[in-house]
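Reader: I have a new model open and would like to learn how to read it feature by feature. Could you walk me through it?

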Amino acid sequence: MANRILIAAAGTLLLLANASAFAWSGGHFNAYTPRGEFSGGHAMSCGGGSCSHAGGAVGPWGGVATNTGTVTRNAPGQFSNSGTAVGPNGRSVQHDGSTSCANGTCNHTGDMTGSNGHSATTNGSVTRNGVGQYSSSGTVTGGNGNTYNHAASTNCAGNTCNRSGTVSNSYGGTVTHGGSATRVAPGVVTTSGGSTVYHGASVSTGTTVVVGAAPVYVPPPLPPVVVPVPAPVVVTPPPVHVAPPLPTVVVAAPRPVYVAPVHVAVLVPGHWVGRVWVPAHYA
């Protein structure tokens, strides 16, 4: 809620700076989400330094929620807000707060009180770090003293804004979240969660009227086309002829051939054998 109020305050600053009289009527939207279709409308008028708004939304099960309020510019960069939100169950929340913007940062404090008397306080800030770069942080404190701290960053480039952040409570529990929103056509925004929102509005400033995009009808998806699967084609291979094995050939081993060693003659010189002289001879 703090972030939405800060954005509204920043938008109001631009409107008050550029138009002495401003009216926005006939604004409406259709949101197609994984949980069903939501539709609603809102109107806003500005004059004398204040902008008042009223809006409502209808859920897929017929539940209605409304929100009315006022944002007032008290001084350059100084705003105050108050309003009432009523849920589908009839319970209401009164909210008010103040916003101060300077040097690219808007700080906000506020409180909320339910129809059951329970209250909570909020404080936070949003800082523009660069072109399309934003960071935010804040704290929500319930009537029972429990606190919830949140911090997030947003990066916008082209037609897409990506956001990520964390929420932690006083018990140490932490939840992370992230997502993106992309403008796919004038007045048409899709989100990474599977939702598509169609906006249409008529804006007038003085005598100039600018008409926003009308809701775009999205036809339901075409039924699936069933293509019959062709019957499998069985190709019988030709028979393969296997030649009989060749007859066994018996090869007789040759008979062994004895080769006598070659005798080499050795010359024995003459010598005495006892008293007998033996002349030289070959042995």
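Author: Gladly! Let's begin with one residue. Val175 counts as exposed because its relative accessibility is 53%, and exposed means over 50%. Please keep in mind that this is a predicted model.

Reader: Where does Val175 lie in the secondary structure?

Author: Val175 belongs to strand β12, which covers residues 174–185.

Reader: And which residues make a nonpolar surface patch with Val175?

Author: Tyr148 and Val167 do; together with Val175 they form a nonpolar patch of about 250 Å² on the surface.

Reader: How should I read strand pairing here? Let's take β10 and β11: in which sense do they run, and how many bridges join them?

Author: Start with the direction, then count the bridges, then look at individual partners. Strands β10 (residues 147–157) and β11 (residues 160–169) run antiparallel and are joined by 10 bridges. As for partners, Ala151 is bridged to Thr166 of β11, and Ser153 has Ser164 in β11 as its bridge partner.

Reader: What about the turn between β10 and β11?

Author: These two strands form a hairpin with 2 residues between them, and Gly158 in the turn has a positive phi of about 65°.

Reader: Now the other side of β11. How many bridges join β11 to β12?

Author: There are 9 bridges, and again the strands run antiparallel. Ser164 is a handy residue to follow: its partner in β12 is Gly178, while in the pairing with β10 Ser164 is the partner of Ser153. The hairpin of β11 and β12 has 4 residues between the strands, and Gly172 there takes a positive phi near 95°.

Reader: Which strand pairs with β10 over 9 bridges?

Author: That is β9, in the antiparallel sense. One bridge to look for is that of Ser136 with Ala152 in β10. The hairpin of β9 and β10 has 4 residues between its strands, with Gly145 at a positive phi near 90°.

Reader: In a regular strand, what do the side chains do?

Author: They alternate between the two faces of the sheet. With that in mind, try a side chain from β9: Thr139 is in this strand, which spans residues 133–142.

Reader: What joins the side chains of Thr139 and Asn149?

Author: A polar contact of 2.8 Å. Setting aside residues up to four places away in sequence, Thr139 also touches Thr121, Thr122, Asn123, Thr147, Tyr148 and His150, besides Asn149. Tyr148 is one of the residues in the nonpolar patch with Val175.

Reader: Can we try a residue from β3, and how exposed is Ala54?

Author: Ala54 is partly exposed, because its relative accessible area is 36% and that class lies between the cut-offs of 20% and 50%. Ala54 sits in β3, residues 50–58. Its C-alpha atom is separated by 5.8 Å from that of Asn67, 13 residues apart along the chain. Beyond its neighbours within four places, Ala54 is in contact with Gly41, His42, Ala43, Asn67 and Thr68.

Reader: Finally, how do I zoom out? What does the secondary structure of the chain come to?

Author: Read the totals last, once the local picture is clear. The chain has 1 helix and 19 strands. Of its 283 residues, 18% are buried. The exposed area is about 19,400 Å², with carbon and sulfur atoms supplying 63% of it. Among contacts between residues at least 6 apart in sequence, 22% join residues at least 24 apart.

Conventions
Residues numbered from 1 in each chain as written. Predicted model: local features only at pLDDT ≥ 70, side-chain atom pairs only at ≥ 80, totals over all residues. Heavy atoms only, no water. Patch = residues over 30% accessible without salt bridge, like charges linked within 9 Å, V, L, I, M, F, W, Y side chains within 5 Å. Areas by Shrake-Rupley, 256 points an atom, 1.4 Å probe, with all protein chains shown as cover. Salt bridge = Lys/Arg side-chain N within 4 Å of Asp/Glu carboxyl O. Buried < 20%, exposed > 50% of the residue type's maximum accessible area, 1.4 Å probe, protein only. Pairing = 2+ DSSP bridges. Polar contact = N/O pair within 3.5 Å; in protein donor to acceptor, adjacent residues only side chain to side chain. Contact = heavy atoms within 4.5 Å.
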